[in-house]
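Grab a pencil and work through these short exercises with the model in view. Each task comes with a solution to check yourself against.

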Amino acid sequence: MTVFEELKARGLIAQCTNEEKVQDLLDNHKTTFYIGFDATADSLHVGHFLQLVVMSRLQKAGHRPIALIGGGTTMIGDPTGKTDMRKMLTKEEIEHNAECFRRQMRRLVDFSDGKAVMMNNADWILQFNYMDFLREVGVHFSVNRMLTAECFKSRLEKGLSFIEFNYMLLQSYDFLHLYRTMDCHLQLGGDDQWSNIINGADLIRRVDGKDDAYGLTFTLLTTSEGKKMGKTEKGAVWLDPDKTSPYDFFQYWRNVDDADVVRCMKLLTFVPLEEIAAFEKLDGAALNPVKERLAYEITSMVHGKEEADKALASARALFGGGASDENMPCTELTDGDFADNAIGVLTLLVKCGLASSNGEARKLIQGGGVSLDGEKLTDPKQMLEKDSFAQARILKKGKKTYHKAVLHE
């Protein structure tokens with residue numbers, strides 16, 4: 001199976017500007033390609049992870065990736081998928097985020113000996129003379145055509161700022177710059193970036209008169225119901241262990257729906273397709289070992305084998321009815337959390353992030369969905385003595401969410 005055929009077989013490819021040419025680049029040549037990452041947060045998330053896995057996969061096949069950090073484009077912010085304008089970050093915030101990205105990328109892609117290149121578009125975008133940029137690049141963009149792009153159409157009702165309108169031009173110029181300076185002929189990205197990617201290839205044709213720049217987009221990481229993956233009650237699933245612990249990261253993948261586990265295995269791991277094919281015949285409880293394998297593979301890539309081993313041991317202890325584990329998510333309570341040396345169960349659930357409000361906590365208890373130290377909670381008014389938290393107390397919500405609470409010494 002060729003490189004391109006495997007990408008298709010794994011369900012990774014969404015759209016392609018010229019499938020025959022892109023397949024030739026990936027199957028018969030050593031190709032330089034790039035993927036852009038705007039530094040809008042201080043950690044990458046699971047959506048980025050899919051792109052980094054593809055980057056690693058193509059690198060293993062002999063191609064050279066460019067990880068382009070958007071230090072310049074982040075100054076504007078991509079309007080794609082947003083109902084409101086992104087918060088404008090300072091240069092210092094963007095550079096801090098970019099450095100966080102660099103550290104995380106190095107765990108997943110080999111940047112040694114020129115096997116991959118890390119670049120920052122701030123190096124050229126922030127040097128632009130605006131009038132020169134408009135004359136070289138802006139002249140090739142039709143406003144009427146831009147307004148038909150999905151990334152802009154969804155914003156027209158609420159209002160699209162002029163600064164955001166420039167984003168497509170800047171991303172397109174990135175492709176032109178890398179084409180000229182790095183012999184880069186292929187841009188990859190999530191399918192929500194299709195409009196930006198095809199405009200980059202078109203700009204190269206219009207400015208340099210070349211027709212050998214191509215774009216390919218990946219399937220977005222969604223559930224079988226079409227909902228975006230990577231969100232939990234606590235927020236996004238991050239690659240930074242300080243934002244999403246390795247245990248929580250493992251548990252996220254261990255708890256994916258049955259309908260999504262095989263697809264995630266194809267998209268996000270290097271498990272051979274022949275082995276994955278056997279999983280497609282399984283359902284119900286028979287899928288649990290597959291979910292465990294999925295969680296272990298992904299956690300190993302992001303956090304390393306040692307953390308994956310710890311998370312796996314914790315999960316097996318918990319699902320097997322074992323006691324608390326040091327890697328379980330934990331909330332440390334202080335004296336200020338107790339009134340008259342006691343804390344209500346509703347307050348405790350909210351404090352531990354298992355409910356967003358007392359009302360939600362009350363519904364969970366009334367529905368029989370919460371237990372404490374193995375005993376189901378039934379009284380929303382129940383109070384818990386401070387002394388009882390000298391040893392960690394284990395909360396369980398539903399069948400899969402565990403959390404421990406302990407009094408800070």
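**Exercise 1: two helices that cross**

Helices α3 and α4 cross in a right-handed way (the near helix is turned clockwise from the far one by less than a right angle). Bear in mind that this is a predicted model, where local features need pLDDT of at least 70, side-chain atom pairs count only at pLDDT 80 or more, and totals for chains, interfaces and linings use all residues. Residues are numbered from 1 along each chain as its sequence is written, and side-chain values use heavy atoms, leaving out hydrogens and water.

Task: work out how α3 and α4 pack, and which residues make the contact.

Solution. Start with the geometry: α3 (residues 46–60) and α4 (residues 91–108) pack at about 45°, with axes 10 Å apart. That makes α3 oblique to α4 (not under 35 degrees, over 145 or from 65 to 115). Next, pick out the contact (heavy atoms within 4.5 Å): α3 brings His48, Phe49, Leu52 and Ser56, while α4 brings Phe101, Met105 and Leu108. Finally, sort them by class: five are nonpolar, two polar and none charged.

**Exercise 2: the buried side of α13**

Task: find which residues of α13 are buried and what covers them.

Solution. First, list the buried residues (under 20% relative accessible area) of α13 (residues 258–268): Asp260, Val261, Val262, Cys264, Met265, Leu267 and Leu268. Zoom in on Cys264, and its relative accessible area is 1%. Then look at the cover, which includes α3, α12 (246–254), α14 (273–279) and α15 (288–303).

Conventions. Axes are lines fitted to C-alpha atoms, for helices over the stretch in contact, and angles run from 0 to 180 degrees between N-to-C directions. Helices (H or I, at least four residues) and strands (E, at least two) are DSSP runs, numbered from the N terminus. Ala, Val, Leu, Ile, Met, Phe, Trp, Tyr, Cys and Pro count as nonpolar, Asp, Glu, Lys and Arg as charged, and the others, Gly among them, as polar. Buried means under 20% relative accessible area, exposed over 50%, partly exposed in between (1.4 Å probe, protein chains only).
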